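Subject: Structure handover

Hi,

Here is the structure I promised you. Please open it and keep it beside this email while you read.

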Amino acid sequence: MPLFPLPTVLHRLERLDVGSNCDLWIKRDDLTGFALGGNKGRKLQYLAHEIKASGCDVVVSCGQVQSNFLRQLGATCAVLEVECVAVCMNRPYQDLERKPGKVIGSHGGNLALDEWTGLQRKIIPDGTWDDLDEAMETEANRLRNHGKQVMVIPLGGSSAQGVHAFYEAGREIANQAEFEFDFIITASSSGSTQVGLTHYFRGSKTKIIGIAVDPEPEVLDDMVTLSETYVEQGGIGPALLPEDLDFRLDWVGPGYGSPSEEGNQAIALLAKREGILLDPVYTGKAFAALLDLARSGEISGRILFWHTGGYPTLFAY
Ligand SMILES: *Cc1c(COP(=O)(O)O)cnc(C)c1O
């Protein structure tokens with residue numbers, strides 16, 4: 001179900017110099033334009049169809065309070081005239097030792113937009129990501145007991161359809177560019193962006209590198225599972241193996257939702273050289289990784305930065 005026009009813009013970064021062996025390009029999924037843009041819009045075009053087809057009257061999902069997915073899901077449900085309830089935590093974590101310290105606030109940013117889309121948030125005390133998932137199911141059951149027809153959408157909208165959205169985004173790039181990229185760098189969190197692009201470019205010269213924003217090596221296993229689900233539900237197989245996914249944990253900084261020094265420097269650099277803004281949770285860290293990898297010579301040639309959006313959190317710190 002179209003929610004915004006595609007393709008998004010692809011252009012070269014003319015002013016930012018990352019070394020003579022690098023030709024730097026950017027894919028502007030920050031400009032998808034639906035409820036302030038971002039990569040989640042691509043998944044939501046598929047989810048919107050499913051929401052409509054399910055005939056549900058309420059969608060239930062979950063996430064960190066500043067989730068960009070929830071912002072765009074709220075807008076999707078609004079245009080479909082379906083209620084949307086999001087169970088949120090300020091600081092969800094995998095285990096207590098890795099709980100992030102100072103994170104982006106529980107005011108402003110994405111939260112400021114709920115009023116306009118009607119997204120209903122239930123903010124619950126911090127716990128693990130599994131606790132968050134469980135609380136979402138509990139909320140869904142509570143609404144079912146009230147006679148509502150409920151559709152549950154997993155964290156970040158990562159599903160077979162989410163992967164397919166990015167398989168198609170890979171095709172979009174292949175049609176847009178008159179050459180093949182050597183590397184595509186993207187922030188990676190719930191994994192559908194990286195898994196979808198990796199599926200599309202498998203066997204080509206283009207290498208996808210996903211930059212972690214959570215200090216959780218388990219994300220790699222989740223991505224493999226996501227790939228298996230994608231193939232089971234009709235995606236082009238075989239499913240990806242862990243070694244097919246280049247997933248880097250070196251630029252997480254203090255943790256999910258907690259800005260890093262290098263990330264902030266990358267944001268300032270791109271803002272000053274190109275007038276393009278990044279966000280402190282995802283794209284700033286991913287762009288910091290791109291700069292390090294290019295400067296060290298680990299990546300060179302035609303490099304594409306996939307700008308996945310996330311602007312609202314710039315206003316939440
Ligand atoms: C969700 C998100 C990502 C990560 O995408 P996944 O498909 O969940 O891995 C990257 N950047 C931004 C701004 C996001 O909101």
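A backbone N or O atom of Ser189 lies 2.7 Å from an oxygen atom of the ligand. That is a polar contact, meaning a pair of N or O atoms within 3.5 Å; within protein, one must be able to donate a hydrogen and the other to accept it, and residues adjacent in sequence count only if both atoms are side-chain atoms. Note that this is a predicted model: local features need pLDDT of at least 70, side-chain atom pairs count only at pLDDT 80 or more, and totals for chains, interfaces and linings use all residues. Residues are numbered from 1 along each chain as its sequence is written, and side-chain values use heavy atoms, with hydrogens and water left out.

**The ligand**

Which residues are closest to the ligand? They are Lys40, Ser189, Ser190, Thr193 and Thr308, and 15 residues surround the ligand in total (each has a heavy atom within 4 Å of it). Asn68 uses its side chain: an N or O atom there is 2.9 Å from an oxygen atom of the ligand. Thr308 approaches a nitrogen atom of the ligand instead, with a polar side-chain atom at 2.6 Å.

**Ser190**

Ser190 sits in the loop between strand 7 (183-188) and helix 6 (192-201). Helices (H or I, at least four residues) and strands (E, at least two) are DSSP runs, numbered from the N terminus. Set aside the neighbours within four places in sequence. Ser190 then contacts Lys43, Leu155, Gly156, Ser158 and Leu226 (contact means heavy atoms within 4.5 Å). Two of these partners also make polar contacts with the Ser190 side chain. The side chain of Ser158 is 2.7 Å away, and that of Lys43 is 3.4 Å away. Pro154 is 36 residues from Ser190 in sequence, yet the C-alpha atoms are 9.7 Å apart.

**Helix 1 and its partners**

Start with helix 2. Helix 1 (residues 40-54) and helix 2 (residues 68-80) pack at about 40°, with axes 10 Å apart. Axes are lines fitted to C-alpha atoms, for helices over the stretch in contact, and angles run from 0 to 180 degrees between N-to-C directions. Helix 1 is therefore oblique to helix 2. Angles under 35 degrees count as roughly parallel, over 145 as roughly antiparallel, 65 to 115 as roughly perpendicular and the rest as oblique.

On the helix 1 side, the contact uses Lys40, Gly41, Leu44, Leu47, Ala48, Ile51 and Lys52. On the helix 2 side, it uses Asn68, Phe69, Gln72, Leu73, Thr76, Cys77 and Leu80. These residues divide into eight nonpolar, four polar and two charged. Here Ala, Val, Leu, Ile, Met, Phe, Trp, Tyr, Cys and Pro count as nonpolar, Asp, Glu, Lys and Arg as charged, and the others, Gly among them, as polar.

Now helix 5 (residues 160-176). Its axis is 8 Å from that of helix 1, at an angle of about 135°. The pair is therefore oblique. Helix 1 brings Arg42, Lys43, Tyr46 and Glu50 to the contact, while the helix 5 residues include Gln161, His164, Phe166 and Glu172. The split is four nonpolar, three polar and five charged.

**Helices 8 and 9**

How do helix 8 and helix 9 lie to each other? They are roughly perpendicular, because the axes of helix 8 (residues 261-274) and helix 9 (residues 283-295) cross at roughly 85°. Those axes come within 7 Å. Among the residues that meet are Ala266 and Leu270 in helix 8, and Phe287 and Leu291 in helix 9. This contact has seven nonpolar, two polar and three charged residues.

**Backbone exceptions**

Most residues other than glycine have a negative phi, and most peptide bonds are trans. Look at three places here. The bond from Leu6 to Pro7 is cis, with omega near 5°; Pro7 lies in the segment before strand 1 (10-12). The bond from Gly237 to Pro238 is also cis, with omega near -5°. Pro238 is in the loop between helix 7 (218-232) and strand 9 (246-248). Ala35 is not glycine, but its phi is positive, near 50°. Find Ala35 in the loop between strand 2 (22-28) and helix 1.

Best wishes
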